[in-house]
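The exercises below are meant to be worked through slowly, with the structure in view. Try each task before reading the solution that follows.

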Amino acid sequence: MELDGRVVVVTGGTRGVGAGIAESFLAAGAEVVVCARRPPERPVAAGGRAAVFTAVDLRDPAAVRAFFAAVAQRYGRLDCLVNNAGGTPYRLLGEGAAERHARVVELNLVAPMTASLAAYPWLREGRGSVVMIGSVSGTRPSPGTAAYGAAKAGLENLARSMAVEWAPEVRVNSLVLGMVRTELSHLHYGDEAGVAAVGATVPLGRLAECSDVGEAAVFLASGRAGYVSGASLLVHGGGERPAFLDAATVNKEA
């Protein structure tokens with residue numbers, strides 16, 4: 001298989017997008033280690049193979065360094081790090097103290113940098129790659145999740161700088177995600193009718209599935225992307241239809 005013998009770490013790989021990414025790497029033949037603060041409710045598996053889970057707080061640099069050292073000792077190599085862990089509750093800037101917003105930045109920007117630095121010696125040795133999981137929230141205004149959007153914007157810039165500093169041994173790229181259907185979609189979009197209505201606003205007519213993200217991550221980690229570094233791959237179904245097109249009183253489609 002395409003990634004037979006490769007070793008991949010997926011942070012936050014126990015549910016949602018992270019689990020979908022881990023499953024895609026398993027299906028491609030890789031050995032997959034997922035980490036999070038809590039174990040998954042069910043094993044993350046695909047094709048009769050399961051990911052190995054390790055509990056780690058990505059905001060604890062010493063624990064992160066120990067985690068990657070243990071992965072390297074167990075497998076003797078590390079080929080790809082997928083920095084997926086992140087997220088945020090809905091909170092307007094004025095409704096939360098600076099310290100609470102800073103924790104969002106810590107999880108979505110500082111933690112991926114911490115993980116990348118801890119993984120770097122083994123990625124360099126194996127000429128591996130890093131895949132950052134970004135968001136369209138980092139490319140446009142993000143009301144209600146401003147700290148998250150700012151962190152994701154920083155993450156994309158961090159990836160581009162890392163791609164220059166760590167070349168040619170380590171490739172670094174970003175997946176910039178739009179809306180993805182997960183087990184928590186109802187918290188963001190409501191019931192099935194709400195999910196369908198939101199999906200209809202996407203040019204491709206639906207939300208992304210976790211597997212859509214996983215397949216894109218596998219591509220960036222594979223030899224087929226061997227000359228791709230410092231890139232941001234948009235996985236958003238065509239983006240968002242500009243609001244002014246519907247508000248304008250001219251040039252309406254028949």
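A residue is called buried when its relative accessible area is under 20%, exposed when that area is over 50%, and partly exposed in between, with a 1.4 Å probe and protein chains only. The model is predicted, so local features need pLDDT of at least 70 and side-chain atom pairs count only at pLDDT 80 or more, while totals for chains, interfaces and linings use all residues. Residues are numbered from 1 along each chain as its sequence is written, and side-chain values use heavy atoms, with hydrogens and water left out.

**Exercise 1.** Find the salt bridge between R77 and D79, and decide whether each partner is buried, partly exposed or exposed.

*Solution.* Begin with the rule, by which a salt bridge is a side-chain nitrogen of Lys or Arg within 4 Å of a carboxyl oxygen of Asp or Glu. The side chains of R77 and D79 satisfy this rule, with 2.7 Å from N to O. Next, take the accessibilities: D79 has a relative accessibility of 8%, and therefore counts as buried, whereas R77, at 36%, is partly exposed.

**Exercise 2.** Which parts of the chain does the salt bridge between R49 and E31 tie together?

*Solution.* First, the closest N and O atoms of R49 and E31 are 3.5 Å apart, and the two residues form a salt bridge. Then locate the partners: R49 belongs to strand 4 (residues 49-50) and E31 to strand 2, so the pair ties together parts that are 18 residues apart in sequence. Strands here are DSSP runs of E with at least two residues, and helices are runs of H or I with at least four, numbered from the N terminus. Finally, R49 is partly exposed at 26% relative accessibility, and E31 is partly exposed at 36%.

**Exercise 3.** How many salt bridges does the rule give?

*Solution.* The count comes to 10 salt bridges. Among them is the pair of D246 and R241, whose side chains meet at 3.1 Å, N to O; R241 counts as partly exposed, because its relative accessibility is 43%.

**Exercise 4.** Which residues touch the most other members of the largest nonpolar core, and which helix gives the most to this core?

*Solution.* A nonpolar core is a set of buried Ala, Val, Leu, Ile, Met, Phe, Trp, Tyr and Cys residues joined through side-chain atoms within 4.5 Å. The largest such core has 33 residues, of which V10, I21, F25, V32, V82, L175 and L177 touch the most other members. The elements giving two or more residues to this core include strand 1 (7-11), helix 1 (16-27) and helix 7 (210-221). Helix 7 gives the most, with 7 residues.
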